Amino acid sequence: MKILFSNPSQIVTINTSGKNCKPGSELNDIDLLEGYSILTENGIITDFVKEYSNYDKIVDLSGAVVTPGIVDCHTHTAFAGSRADEFRMKIAGIDYETIAKQGGGIISTVNAVRYSTVNDIFNLIKPRLDYFVSQGVTSIEIKSGYGLSVNDELKLLKAIKTAKETYDINIVSTFLGAHTLPLEYKNNREEYVDLVINKMIPVVAKQNLAEYCDVFCEETAFTAEETDMIFKAATQYGLKIKLHTDQFHNIGGIDIAAKHKADSVDHLEVFNDNDIDFLKKNQIVSVLLPGVSFFLNYDYAPARNLIDNDLLVALSTDYNPGSSHIANISMIMSLAAIKMKMSMEEILSAFTINAAKAIGLEKITGSIEIGKQADFAIFNTDNYSDIIYNVGKNMNKMTVKKGKIIYSL
């Protein structure tokens, strides 16, 4: 079916001329079109036209702005329970690492997950995904990591798989069994690392429940050496690599990410300039998570430094129950502008094409280019600057996935 998305005020194409990513200063080039319509056929973008009459259906977008569908490339959307009491502790001045050492943090959510069924988790995921879709999200990554046992990690990944089968959007699944040490292994980390390597990864791969393997490489979680061992096993089983690193301490995670050809390194609040060449040489995407810095009242990742050094920078919500309980993409965009000094154009590129690259989808989505999927976020404004200027306000009025309207006001 030929569908004409007709007469929007602006089309923010994020055109890459086939490169499918935007390093450094290229983030600012959004290739804005005015006075054009978008022609799609069978869910694929086929042309940009000023006048066209040969179509089966027309969608009138007069007075609206079209961007590529938003890509949220780092989330922990699969979780149970609440950590509101810990938020009270944070407000009182107790830091995240101290709460974690006292058995709170991730472990608190683990306990809630272990008392939940696959269906319970899926029913918790559903309204969260609905909210993301209402904001223009057409692709999202969801991690496990709140089970920390074979059965409970599988439970989370099976709930994510059910979501994949239920929703029209791209859902990328990431295995994060190495999120932290569960209490039962607190004094036997070697045995838990062995469990991840020799029990969890093989069964996750056998059941085809994840595309990626992630590790939290941090002083309160897993060492660089342990991360290396886990990634070696994951690669052998065909899983691609992502990494949480440099959030609180620089302990060598980026070296390991480069060694295993990671698609992304995420956080980087305490990024070391010595690692710039590792990221540039390997075209690893730096996924920045300003919601975490805001929520924890902590340092923001050095976005300007990374961009000025011609690196690939993406943005994401890191939506999770503890350190970034923020699913509002408009707010994350505004934080990137105000706190990270990113331009509006850089932010839009970082939340679309570079975010798509961070989860291996850059060849099919993330930009409005001929031959790619017709994935659009359509905003109720005639000026794309309003998307970020209106802090915390969802201005998306329609979400389109492969040419199909999957959300509309």
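**Group meeting: a walk through the sheets, helices and rings**

Okay, let's start with a sheet: there's an open one of 4 strands, ordered E5-E4-E1-E6, and its pairing is mixed. Strand E5, residues 44–49, and strand E6, residues 57–60, stand at the edges with a single partner strand each, so one side of each has no neighbour in the sheet. From one strand to the next, the twist averages 25 degrees. Before I go on, please keep in mind that this is a predicted model.

Let's zoom in on the pair E1 and E4. Strand E1 covers residues 2–6, strand E4 covers residues 37–41, and the two run antiparallel, joined by 4 bridges. If you want one bridge to click on, take Lys2, whose partner in E4 is Glu41. For anyone who hasn't thought about sheets in a while, strands pair through backbone hydrogen bonds, and they can do that parallel or antiparallel.

Staying on E1, let's talk rings. The structure holds 7 aromatic pairs. In one of them, the ring centres of Phe5 and Phe376 are 5.2 Å apart with the planes at 80 degrees, so that pair is edge-to-face. Phe5 is in strand E1 and Phe376 is in strand E16, residues 376–379, so the pair ties together parts that sit 371 residues apart in sequence. Are these two buried or exposed? Phe5 counts as buried, at 1% relative accessibility, and Phe376 counts as buried too, at 0%.

More rings: Phe79, Phe132 and Tyr319 are linked into a cluster by ring pairs. Phe79 has a charged visitor as well, since the charged end of Arg128 sits over its ring, 3.7 Å from the centre. Elsewhere, Lys242 lies over the face of Tyr212, at 5.4 Å from the ring centre.

Now, E16 takes us to another sheet. This one is open, has 6 strands in the order E3-E2-E7-E16-E17-E18, and again shows mixed pairing. Its edge strands are E3, residues 32–33, and E18, residues 404–408, and each of those pairs on one side only. Over at the E3 end, strand E2, residues 10–12, runs antiparallel to E3, with 2 bridges joining them. Within that pairing, Val12 stands opposite Leu32 in E3. A helix packs on this sheet: H4, residues 118–134, touches strand E17 (396–401) and E18, and the direction of H4 makes about 105 degrees with that of E17.

On to helix against helix. Two packed helices are described by the angle between their axes and the distance between the axes. For helix H5, residues 150–166, and H6, the axes come within 10 Å and cross at roughly 35 degrees. The crossing of H5 past H6 is right-handed. Who makes the contact? From H5 we have Val150, Glu153, Leu154 and Leu157, and from H6 we have Leu195, Lys199, Met200, Val203 and Val204.

While we're on H6, have a look at Tyr192, which sits in that helix, residues 189–206. Tyr192 is buried, with a relative accessible area of 0%. What does Tyr192 touch, leaving aside neighbours within four places in sequence? The contacts are Leu148, Gly177, Thr180, Leu181, Pro182, Tyr185, Met200 and Phe222. For Leu181, which is 11 residues away along the chain, the C-alpha to C-alpha separation from Tyr192 is 7.2 Å.

For contrast, here's Ser82, in the loop between strand E8 (70–72) and helix H1 (84–91). Ser82 is exposed, with a relative accessible area of 60%. Take Ser82 and Lys206, which are 124 residues apart along the chain: their C-alpha atoms are separated by 32 Å.

Last bit, backbone angles. Most residues other than glycine have a negative phi. So who is worth a look here? Asn208 is one, with a positive phi of about 55 degrees although it isn't a glycine. Asn208 lies in the loop between H6 and strand E11 (212–217), and at 62% relative accessibility Asn208 counts as exposed. His267 also has a positive phi, near 105 degrees, and it's not a glycine either. His267 is in strand E13, residues 264–267, and is buried, with a relative accessible area of 1%.

That's my tour, so grab the model and have a look around.

Methods
Residues are numbered from 1 along each chain as its sequence is written. This is a predicted model: local features need pLDDT of at least 70, side-chain atom pairs count only at pLDDT 80 or more; totals for chains, interfaces and linings use all residues. Side-chain values use heavy atoms; hydrogens and water are left out. Buried means under 20% relative accessible area, exposed over 50%, partly exposed in between (1.4 Å probe, protein chains only). Contact means heavy atoms within 4.5 Å. Two strands pair if DSSP finds at least two bridges between them. Axes are lines fitted to C-alpha atoms, for helices over the stretch in contact, and angles run from 0 to 180 degrees between N-to-C directions. Rings of Phe, Tyr and Trp (its six-membered ring) pair if their centres lie within 6.5 Å; planes under 30 degrees apart count as stacked, over 60 as edge-to-face and the rest as tilted. A charge sits over a ring if NZ of Lys or CZ of Arg is within 6 Å of the ring centre and within 35 degrees of the ring normal. A crossing is left-handed if the near helix is turned anticlockwise from the far one by less than a right angle, and right-handed if clockwise.
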